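Biologist: I'd like to learn how to read a protein structure, one feature at a time. Could you walk me through this one?

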Amino acid sequence: MLNIVLFGPPGAGKGTQSERLIAKYDLVHLSTGDIFRSNIKGETDLGKLAKSYMDQGQLVPDSVTIDMLRSEVLKHENTNGFIFDGFPRTNAQAEALDAFLDSLNTSITLMVALEVEENELKTRLMKRAEVSGRADDANPEVIANRIAVYNNETAPVKSFYQNQNKFVAIDGIGSIDDITLRIFSAIDPHL
Ligand code: B4P
């Protein structure tokens, strides 16, 4: 199986690039952000809980996120692999994912980390706010908090995969097509 963690700060291009990767490698796309947003839209209990955190730019608690991710993986028995988009976002999530994949006799192949500097992230998210309708994109204070949470809680997850020699950094500035080609070049040797 090919199991890719697509990593990066808010607005780095994870969602955008995921679409290209699932098309090329025929993978299942699991975006924890998308799953939370669809629960918010459906007004489920999970959605109500997630919304209270997401609207502030905070992470949804690990236990909730990990349980949700596990049940989503189990829905896809016969797949070539997964793109984990926006997950793991904490070391506890990374450890839980490793243990869970191990129980399924598989593992993470590679973490692909998109690197984009802060001002560019803010510009992209403010621009997306014009069309996304997302409360967490529209407010500069919430955006700043999401970036701070990324720096404090999520960026350390890089070391988790660096220690396993499964980490590659990709320059996330440039045209969407160019960035896609950079990611393909990083993944192809692992096929
Ligand atoms: P996500 O849905 O993961 O939100 P994101 O990080 O903002 O999205 P993404 O990074 O995919 O956006 P993209 O770059 O594609 O998470 C939202 C919230 O959900 C979190 O804050 C948290 O509360 C919660 N959550 C999610 N996962 C969680 C977890 N594991 N644990 C706990 N909580 C969790 O797009 C950004 C914009 O940039 C787009 O408009 C795009 O068009 C543009 N863009 C992309 N590439 C570009 C390029 N090369 N040049 C210019 N613009 C570009």
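**Reading the features**

Modeller: Sure! Keep in mind that this is a predicted model. Let's begin with charged pairs: if we count side-chain nitrogens of Lys or Arg within 4 Å of a carboxyl oxygen of Asp or Glu, the count comes to 13 salt bridges.

Biologist: What is the general idea behind such pairs?

Modeller: Side chains of opposite charge can pair when their charged atoms come close. Here, take Glu118 and Lys122: their side chains meet in a salt bridge, with 3.4 Å from N to O.

Biologist: How many residues apart are Glu118 and Lys122 in helix H6?

Modeller: They're four residues apart in H6, which runs over residues 118-132, so about one helical turn separates them. As for the surface, Glu118 is partly exposed at 37% relative accessibility, and Lys122 is partly exposed too, at 30%.

Biologist: Now Asp136 and Arg134: are they buried or exposed?

Modeller: Both are buried. Asp136 and Arg134 form a salt bridge, and their closest N and O atoms are 3.0 Å apart. Arg134 also meets Asp137 in a salt bridge, at 3.8 Å from N to O, and Asp137 is buried as well. Through shared partners, salt bridges join Arg128, Arg134, Asp136, Asp137 and Arg146 into one network.

Biologist: There's a ligand in the picture. How many residues surround the ligand?

Modeller: 29 residues do, and the closest are Gly13, Thr32, Arg37, Gln58 and Arg146. To read a site like this, look for polar atoms of the protein beside polar atoms of the ligand. In the side chain of Arg37, an N or O atom is 2.8 Å from a ligand oxygen. At Gly86, a polar backbone atom is 2.9 Å from a ligand nitrogen. Remember Arg134 from the salt bridges? One of its polar side-chain atoms lies 3.3 Å from an oxygen of the ligand.

Biologist: And how much of the ligand's exposed area does the protein bury?

Modeller: The ligand taken alone exposes 990 Å², and the protein buries 88% of that.

Biologist: Next, backbone angles. What should I expect before I look for oddities?

Modeller: Most residues other than glycine have a negative phi, and most peptide bonds are trans. Now for the exceptions in this model. Phe87 and Pro88 are joined by a cis peptide bond, with omega about 0 degrees. You'll find Pro88 in the loop between strand S3 (81-85) and helix H5 (91-103).

Biologist: Where is Asp26 found, and what is its phi?

Modeller: Asp26 sits in the loop between helix H1 (14-25) and strand S2 (28-31). Its phi is positive, about 55 degrees, although Asp26 is not a glycine. With 53% relative accessibility, Asp26 counts as exposed.

Biologist: What about the phi of Asn105?

Modeller: Asn105 has a positive phi of about 60 degrees, and it isn't a glycine either. Look for Asn105 in the loop between H5 and strand S4 (110-115). At 74% relative accessibility, Asn105 is exposed.

Biologist: One last feature: which residues is Arg182 in contact with, leaving aside its neighbours within four places in sequence?

Modeller: Those are Ile170, Asp171, Gly172 and Ile173. To read such contacts, set the spacing in sequence beside the distance in space. Arg182 and Gly172 are 10 residues apart in sequence, with 9.1 Å from C-alpha to C-alpha. Arg182 itself lies in helix H10 (residues 176-187), and is partly exposed at 29% relative accessibility.

Technical notes
Residues numbered from 1 in each chain as written. Predicted model: local features only at pLDDT ≥ 70, side-chain atom pairs only at ≥ 80, totals over all residues. Heavy atoms only, no water. Helix = DSSP H or I, 4+ residues; strand = E, 2+ residues; numbered from the N terminus. Buried < 20%, exposed > 50% of the residue type's maximum accessible area, 1.4 Å probe, protein only. Contact = heavy atoms within 4.5 Å. Near = heavy atom within 4 Å. Polar contact = N/O pair within 3.5 Å; in protein donor to acceptor, adjacent residues only side chain to side chain. Areas by Shrake-Rupley, 256 points an atom, 1.4 Å probe, with all protein chains shown as cover.
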